[in-house]
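Trainee: Could you take one part of this model and go through it closely, setting it in the context of the chain around it?

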Amino acid sequence: MNHLEILRYYGIRAQKSLGQNFLVNDEILERIADSIEITGKDILEIGPGYGALTEKILARKPKSLTLIELDKNMVHILKSRIAEKDLIIPPETTFQIVEGDVLKYIPSPHPNPLLKGEGIKESVSPLLLGEGSGVRWKGGILKYVPDLSDRDVPRHVSTGYSIIANIPYYITSPILFRFLHELEHKPDEMVILMQKEVGDKICEKKWYHHSYLSLALQYSCETIEEICPVLKENFIPAPKVDSSVLYFKRKQEYDAPDAKRFLNITSAGFSAPRKKVLSNLTNALHLPKEALSKIFHDLELLETARAEELDFRKWTEIIEKIGK
Ligand code: SAM
């Protein structure tokens, strides 16, 4: 069935509260699926909806595919499509659907193979949902602070899975922080369709300056690039704004205490974005103003600089000079 037939057949009404905007352009869906290696890989798809992108992923025969979907109705539709062979799981693919909130999902380094090839009986596993995401949301994209407390494994080694997703806009930052900072088992790479304005901010396009979000992602990724813009007309229902697809390749080494310091200090620097970064750091971190002034002087930074004017390298230099 094509997209319109699926929407009609299942009587799908998009739920605004769940950020449901279905991408119905097959060329773009193919392009997203082509942007990372899928064949033979472990793939996680967040928010599959009725399975538009899922279909493209399955056609590329991943080693495993885990779908995480919060909407019961979508899970039911996915299961029906599999039962009706409208969505075909290749025999080489281990497949599971997790019904629940992606922000509570804890990926396992040893995925639990629930379903291989055909059949859907045991495809929903609530067991993989953790106790809670530990997310703290201070309101607004820039103020999100991930919970990095009590990590007992400071250096992360790759667990070798990739994420591909058209995510709900309303949890873009929490998803990025969760998978690139908070979780112990982080993905190697991610391809994410998000609101264009947020994508531009992350890529630091010219009319945006540096942001807490872009700096936090540069800390954990060696590559961040835009794959393609996606106009709003390609969705049903069409959102108010355009989107873009971003690719993230994670740095293999991740030192949690260092990351925590980087995020704490940059977050303090952005605490009042219109004020001088020097005052923000003095007030939020209770550091002596003279010591910070000297650091700024040594790094040839203006004392009047705002947080958004400092790039990733400058921030790492400031943090290094502040010391542990
Ligand atoms: N992937 C589909 C597509 O491309 O057409 C649907 C994308 S739609 C933008 C986002 C999907 O994420 C919806 O299916 C929605 O139900 C699901 N969703 C919303 N909040 C979620 C959450 N917290 N955890 C998991 N899935 C969620």
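Mentor: What follows looks at one strand and the elements around it, and then turns to the ligand and the start of the chain. The model is a predicted one, and that should be kept in mind throughout. The chain has eleven helices and nine strands, and buried residues account for 40% of its 324 residues. Of the contacts between residues at least 6 apart in sequence, 69% join residues at least 24 apart.

The strand I would choose is β6, which spans residues 189-195 and is largely enclosed by the rest of the structure, because six of its seven residues are buried. β6 pairs with two strands that I will take in turn, beginning with β5, residues 161-166, which runs parallel to β6 and is joined to it by five bridges. Within this pairing, Ile163 has Met190 of β6 as its bridge partner. The other pairing is with β9, residues 243-250, and here the sense is antiparallel, with seven bridges between the two strands. In that pairing Leu193 stands opposite Val245 of β9.

The parallel pair also belongs to a further arrangement, since β5, helix α5 (residues 172-182) and β6 together make a right-handed β-α-β unit. The helix of this unit is itself largely enclosed by the rest of the structure, because eleven of its eleven residues are buried, a residue counting as buried when 20 or more other C-beta atoms lie within 10 Å of its own. The buried residues of α5 include nonpolar ones such as Ile175, Leu176 and Phe177, but also Arg178 and Glu182, which count as charged.

Turning to the ligand, 23 residues lie around it, and those that come nearest are Phe22, Gly47, Gly49, Val102 and Asn166. The elements that each give two or more residues to this shell are β1 (22-23), α3 (52-59) and β3 (64-69). By class, the shell divides into 14 nonpolar, six polar and three charged residues.

Finally, the start of the chain deserves a word. Met1 lies in the segment before α1 (3-9), and it is partly exposed, with 14 other C-beta atoms within 10 Å. The C-alpha atoms of Met1 and Asp86 are separated by 6.9 Å, although the two residues are 85 residues apart along the chain. If neighbours within four places in sequence are left aside, Met1 is in contact with Ile6, Tyr9 and Asp86.

Key
Residues are numbered from 1 along each chain as its sequence is written. This is a predicted model: local features need pLDDT of at least 70, side-chain atom pairs count only at pLDDT 80 or more; totals for chains, interfaces and linings use all residues. A residue is near a molecule or strand if its C-beta atom, placed from the backbone, lies within 6 Å of it. Helices (H or I, at least four residues) and strands (E, at least two) are DSSP runs, numbered from the N terminus. A residue is buried if 20 or more other C-beta atoms lie within 10 Å of its own, exposed if 12 or fewer, and partly exposed in between; C-beta atoms are placed from the backbone. Two strands pair if DSSP finds at least two bridges between them. A crossover is right-handed if, with the strands pointing away from the viewer, the path from the first strand over the helix to the second runs clockwise. Two residues are in contact if their C-beta atoms, placed from the backbone, lie within 7 Å.
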